Structure formats: structure tokens, C-alpha cells
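Subject: Model for your review

Dear colleague,

Please find the model below, with the sequence alongside. My notes on it follow.

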Protein chains: 2
Amino acid sequence: MDEPELTAEANAETARRMCEAEPTLVDVRAAADVVPGMTAATILTSGAPLRWEEYTGGQRDGIIGAAQFEGLAGSADEAVAALDSGEITVASCQDHSCIGSLAGIYTASMPVFVVDDARSGTRAFCNLFEGPLPKRLNYGMYDEEVRETLLFLERSIMPPLAEAVRRSGGIPLRPIIRRALNMGDELHSRNTAATLLFTRELFGPLLDLESSDPAGVRRVLDYIRSGDYFFLRLAMAAAKATADAAHGVPHSSVVTSMAFNCRDYAIRVGGLGDEWFRGPLPSVEQVKLFDGHTRDEIEFMGGESTITETVGLGGMAQAAAFPLVDYQGGSTEEMADRNRSMYEIAVAEHPEFRIPFLNFRGVPVGIDVRRVTETGITPAIDIAVAGKGGGQIGAGAFRAPLACFEAAARAHLELRQEVPQA
Amino acid sequence: MDEPELTAEANAETARRMCEAEPTLVDVRAAADVVPGMTAATILTSGAPLRWEEYTGGQRDGIIGAAQFEGLAGSADEAVAALDSGEITVASCQDHSCIGSLAGIYTASMPVFVVDDARSGTRAFCNLFEGPLPKRLNYGMYDEEVRETLLFLERSIMPPLAEAVRRSGGIPLRPIIRRALNMGDELHSRNTAATLLFTRELFGPLLDLESSDPAGVRRVLDYIRSGDYFFLRLAMAAAKATADAAHGVPHSSVVTSMAFNCRDYAIRVGGLGDEWFRGPLPSVEQVKLFDGHTRDEIEFMGGESTITETVGLGGMAQAAAFPLVDYQGGSTEEMADRNRSMYEIAVAEHPEFRIPFLNFRGVPVGIDVRRVTETGITPAIDIAVAGKGGGQIGAGAFRAPLACFEAAARAHLELRQEVPQA
């Protein structure tokens, strides 16, 4: 078999693994108890790793806030000192099987969803949606109110939620994602249907809990109902478990991770080990800002929810989620055209995750860095927009930068040339 | 004001009432307790009224089955005798504020949803989904199994469901319909999201019931989860309350009801009193039959779920429900085109019920019989298909017959000519 064939076969295998994953929510636990390598003095944040001093703006603020929240420092100044000295370690979410929303801040005490892919044995984690308040740690803000919310999640939500999940015997996420794609979600910027479907799965176990913890049951339901984004964290954990299951096929030129920090966008490729191929931050294709905000306020403070696009959801499945036109702006015709173009850079179509508008065509799965480079078409990504002052200021359709894919394609080509001919 | 202006103003008022209705589920009761004019010996069935002997096929079988179910006759022969003698009365659902699904069979003991429009004071009723079994009374089948299902609804579902609805203080249906239109439902042949949204509204009251009736709470949840069509009956009752609120504006040429029995399709018009304008049965535009069935098996045994189209849902909002392409066949392009054409026969667009794919254009509301006649475009209707042997054999997009609209337009014109000029 020659190298082009090896790559084609490796890519097919990578996509096959993505298509076959069966992520299941099995538990909700404190990060310290389950996340590999998590210590009391570790803070995880989004994107390819940077040195602590390279983090700026909201992402830096989030890390400093996390140190205070976790009791590792009594003030922001003390936090900076401890971070400068290395007493507090900053690490990359994905190196700990976690996946970060926006700044993606994890500390040891925070509750995380535990999602297992039964087929491959991968396990991934995502922390919980902080709720609909504009001030959130993952948007680079920390104060008493943010602290109260985080403590509420840990003390009041985690125990009954975890109990309900355990009593359920595990909640399969694949069927929820499959159905939600038929109900206006693309599982990144829109998770309305998935949140409802998940809630229904949880209702039986919650009923069983009613007699022992009636207040806890109502808190959990109120929390899940507080926004339509509850499921996003589960979609992200499911996508991370799925992408990790697909990573590591030799010769594969398919993307298995996309993430950004405050400085750069980066991708990993299935056959190219753990190297991050970096490029500039994503470009705005279409953005809609909340009233009173302007484009010059947009700040990138990290984000790994693009793991959803990595497995064929989000911007790769925009035509499943026309309601987004109200949230992101643009037109549904543009969304449909953008979605159709994504098939040009993907190596497969999902057999179960389908887009009704495209007459139930499967979502495009497996972004091939070579095809991106050849066509110049980069993945469309649906992301929430953070503002320089912290907090969310809007949402939009963005594009991953070509440079990452070019760098990865070059590395893939070099590796190919090293392969002895069979 | 001259007559064309009077009609235009009347039509705007009719559509305005349709757009403003706020139907709310307030109770679940036995038909005998709440339906006006309902007696122990009354059977209600779908469509403009016929003489008993004119009912044929599945609709006749349904009526006969209903007499047995209600204990009005010990056998089918006895039922026929009692119907022939007039001992048992057959009446039209809509003359009793009810709305019939398929054959639309109502007897005194059957539970019905009670839906009030708070703005206009109208009240409408719809009986309960019999569940996903192919054998159902409203599909013209009656045997011991059907009887058991109906008794289960009456004895095991109605009490806890009614209690939960009463504890809720009333469940507003307008917000559920509004959201479901953004989640792939058109509220006629697809009610998946609406069923979920309704279920979530019921969670709180069901939790409160858990301590007193744990088994009842689980039965209700299992029943609602047994299919994705639970909400259809609520959509129908909501549409009936809405259409009735809009009926009776003098000079209006807007349709306020569409229904069919086993022989004819018929419409009522806002300014033309209670007269039914009849035409032939609907024509098949696009149909998809379950495996093993053929077109020559299709039987019309009545149906009033076209009340949803009357208020701008169902076939009038197909582009909100592309997943239907899997259920009804055809293509999403055809659905979008068909939906766009419906604006040519409607007098208004709903301010809150919007179609994401059409960049959130409001659904077309208020079918003007004059526009239908002028354009030759008749309302698209999404209907389930019954088979000659009873039971559902498929679903499709049908068309209302032009003749009804022509007859109504003529009657409207005659009435205009009688109006003295101001």
C-alpha cells in the first residue's frame, strides 16, 4: 500500500471511530476526584498551552479568579505571585481530558460531568454551565457573585444531580444529539432541544429522589431550566470523548482537536501525535452583538467548544439550526450554503447524525487538513463572543485560520516522505 | 366604507383575533361533564354533519365501536339498530366545541382536554391521543384491545393528569407552540418538540403529586413519552379555541374551519355563519406509506386536525418542520416552496409564530377564500393516512379541494351584493 492509500485508509478509520462513538454521562464529580493529574494547586484553561505570563486579558483574569475561588490566594495580587512563582500550576484542559468553555477554567473543587465512550474506553470531562448571568468565571470575571454561583453549583447542584445521574445507570448522549439535530440544534451555539431531551431523561431518576431530597430535586430542575445552554457542556464532553477515541491513527490527516487561547487557534491531527499546529485567532464571518456593544470590544479569551465542530457538529451542521440566524445574524441561505461547503473538507458523513434540511444528509465528519489546504475552505465555527470588559457580548459564525491547517498539512507531508515504501 | 373595504377590514380583524388568541389548558375532564350538549347517548364524529346512514367505512366502524365502548349497545348489530332508530345520536364534533382527530370519535365518558382562550372567552375540547398502537378507535377500529386502551386513559391517566393540570394553574399553550415552531414542529404532523416542552411544564406539578400518587405520576409520564404526538391534541384544541375566537366577524371572507368526513371536505368562513361549504375529499400531493401498504388502500375516515392549518400551522408552516420529509416523503425544497406559496392566500403573518428557515417570517394566517379562488392555490394540509383495513398506513401532504373555496367565495359575493351601500 502506498502512502496516499495509507492516509485514505487512516482517515476513513478516524472518521469511522468518530461516527461510532457512544458517549454516555455516567457521573458528576469534583474535578479533584476524577480528572487525571488534577491537584489542589492546578488550574486548567482553554487552548494549546502557553506560559503563564503569556495569558492576557479575560483569560488571565479568569485564572487569577480561579486561584482566589479555590482558596489558593487571598487576593488577586497574591494569586499573581503564586502563579509567577509556579506554586500554582496552569495547564491545558485537553491534556487532562477536560474541555473548556470560553476561558475554560477548572479548579480541583469544581464539579465536572464524567462522560465515557463505551466503545473506545475514552473518558472526558466538562464542568457545569454557570447559568445565564452575564458575569461568569469562564468569561473572565470573578467577584463575590461569581463565587456564590460556583459554590451553589458545587454544594447545591452537584449532590442531587450526581445522585440522579447515578440512579439513571448512565444517560446515553448519542441518541439525544441525534434527535436534537432534528429539532433545531447544532449542539454548539444552540442546545435548546438537547437540554429538553436530557431533562426528560433525568426526570425519572429525579422523581425517585423526590422523597429523600425534594428541595434538591427542585433546585436541579430550576438550574437546568435557567437557560437553554445546559446541554452544551455535555455536547462538549461527548465530542471530546469522541475525538479522543478517533485520535492516534497513524497516517491520519484528520483533525482531532481545535481550540484557542487568548493568543492563537490551534489544531491537533489524528496521525500527528500531541503536537498543536498554531495559527492566528479565528476570523469573524458573521457576528451579532447584544445591544450597546461594538465589534472593537470583541476579545478572544479562549475556547474549546470547537471540539463540537471537530466531530461534525456546530458550524459543520449549521443547516440543522436555522433558529441561530436570530442569535448570530446573517441569513438562513448563507447558513445552508456554508454548511454545504463543509462537505468539501470532510472525509465522511455521519450515519445517524443527520440534517433534515439537507434531506437528512449525515453531518460532515472528519476535517482533512489536506482538503482544507487544497480548497482554502476552513471550518465554520459557531462561537459565543466575549467582551473586553468580561462577559458575553454576542455570538457569531467564525472561521478557523488557514495557517493551522497548512502547518499540519506540511507536517503530514513530511511524515509521509519519511515512510518507507511497502 | 364600500364593501371591498368592509371585507378587507373584517379579514384583518379575523386574522388579528387568530394572532392574539392565548389558548391555555385548564383541565382534563370527562366529556359528559364539560362538553355542551353532550349526552350519554351522543357520539361525536369528524367533519360537516352527515345523516347516520351516510357514514361509511372506518368512520362508520368508529361510530359503531363507540356505541359498544360506551355501553350503549352490546354488539355491533345492536349498535347499528340503535343508531338506525335514532336512540343513539350522531353529531358533528365542532358543533359541540370539540375537534376530532381522524374519525374523531367522542363518547360521554371519554376524557377531554379543556382549553380556554382567555382573551376571547372561547373554550374548546379535544380527546386524548390513544397511544402509538396501530389499532385505535379514531382510526375506525374497535376490539377488546382498543377498549382496554380507552379505559386506561379514562381510569389511569385522566385522574393524575387532570390533577397535575389543575395544580399547574393552567398551562399556556401559545408559548409552547411558539417555541416548537423553532424546533422542527409545525404542530400538525410533527409535535415532537411541543410534546417535550409541555412535558417540562408538567414536571413541577407532577413532582408535587409524587408523594400522594407515585404510580399515577409515572403512568402519566410513560403515557406522554409513549409517542411524539401527545401534543397534537393540545395543538388541535388550541387551534379550535383560536379559530372560534376569530369566527363571526361580519363580511369576513377568511376560513375559520376546515374539516372532512368520509365523504367530503368542508370549510366555514368567518362572515358566513355556520354554513359548511363542501367539496370533494382532499387530493394527494405527496404521500409516504408504511412498508407493505399501497395507495389504493388509502381511506378518508374523517379528520379535523386541519384546524391547525386554519390558524396558520401544519401545512401552512411546513418550512418549520423539515424533519417531516422523512415521514411524508418529498424534498425539503418542495416543502419550502409550498410554504412560500401559502402566503399568497393568507391575509396576515403571525407576529410570534415564526419560521426560522424563512428568516423568522411569521406563519401565514387567515386563508382568504377569494385569494384561493383567484390564485387557484389551495391550502396545503399535513395529514396522517388511514387504511381501508383500519389503522394508520402513512402520512402525507395533501391539498384542500378548490370547490369549497369557490362555493364560499360565491356566497360571500352574494352577501356583498345584498349589503346596502353606506
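In strand 14 of chain B, G387(B) is the bridge partner of I298(B). The strands involved, strand 11 and strand 14 (residues 380-387) of chain B, are antiparallel and joined by two bridges. Strands here are DSSP runs of E of at least two residues and helices are runs of H or I of at least four, both numbered from the N terminus; two strands count as paired if DSSP finds at least two bridges between them.

Some conventions before the rest. This is a predicted model, in which local features need pLDDT of at least 70 and side-chain atom pairs count only at pLDDT 80 or more, while totals for chains, interfaces and linings use all residues. Residues are numbered from 1 along each chain as its sequence is written, chains are lettered from A and ligands numbered from 1 in the order in which they are written, and side-chain values use heavy atoms, with hydrogens and water left out.

Sheets

The pairing of strands 11 and 14 belongs to an open sheet of four strands in chain B, with the order 10-15-14-11 and antiparallel pairing. Strand 10 (283-289) and strand 11 (298-299) of chain B are at its edges with a single partner strand each, so one side of each has no neighbour in the sheet.

Chain A has an open sheet of four strands in the order 5-4-1-6, also with antiparallel pairing. Its edge strands, strand 5 (123-127) and strand 6 (171-172) of chain A, each pair on one side only. Strand 4 (residues 111-117) of chain A runs antiparallel to strand 5 of chain A, with five bridges between them; V115(A) is opposite A124(A) in strand 5.

In chain A, strand 12 (residues 346-355) and strand 13 (residues 361-367) pair in the antiparallel sense over five bridges. A346(A) is set opposite I367(A) in strand 13. These two strands form a hairpin with five residues between them, and N359(A) in the turn has a positive phi of about 50 degrees.

Relation of the chains

Chain A is superposed on chain B by a rotation of 180 degrees with 0.0 Å of shift along its axis, at an RMSD of 0.0 Å. That is the relation of a two-fold axis. The fit is by least squares on the C-alpha atoms of residues with pLDDT of at least 70 in both copies. M183(A) is the residue of chain A that comes closest to the rotation axis, with its C-alpha at 2.2 Å.

Interface

Chain A and chain B each give 33 residues to the contact, where contact means heavy atoms within 4.5 Å. The copies meet through the same surface, because 97% of the interface residues of chain A are also interface residues in chain B.

The two chains bury about 3,000 Å² between them, 62% of it on carbon and sulfur atoms. In chain A, L196(A), R200(A) and L207(A) lose the most area to chain B, together 22% of what that side buries. Buried area is the accessible area (1.4 Å probe) that two parts lose on being put together, summed over both.

Six salt bridges cross the interface, the rule being a side-chain nitrogen of Lys or Arg within 4 Å of a carboxyl oxygen of Asp or Glu. One of them joins R218(B) and D208(A), at 2.8 Å from N to O. On the side of chain A that touches chain B, the elements giving two or more residues are helix 7 (192-209), helix 8 (214-225), helix 11 (324-328) and helix 12 (332-342) of chain A. Helix 7 gives the most, with ten residues.

Salt bridges overall

Over all chains, the whole structure has 58 salt bridges. Among them is the pair E22(B) and R119(B), with the closest N and O atoms 3.9 Å apart. The two residues are 97 apart in the chain.

Regards
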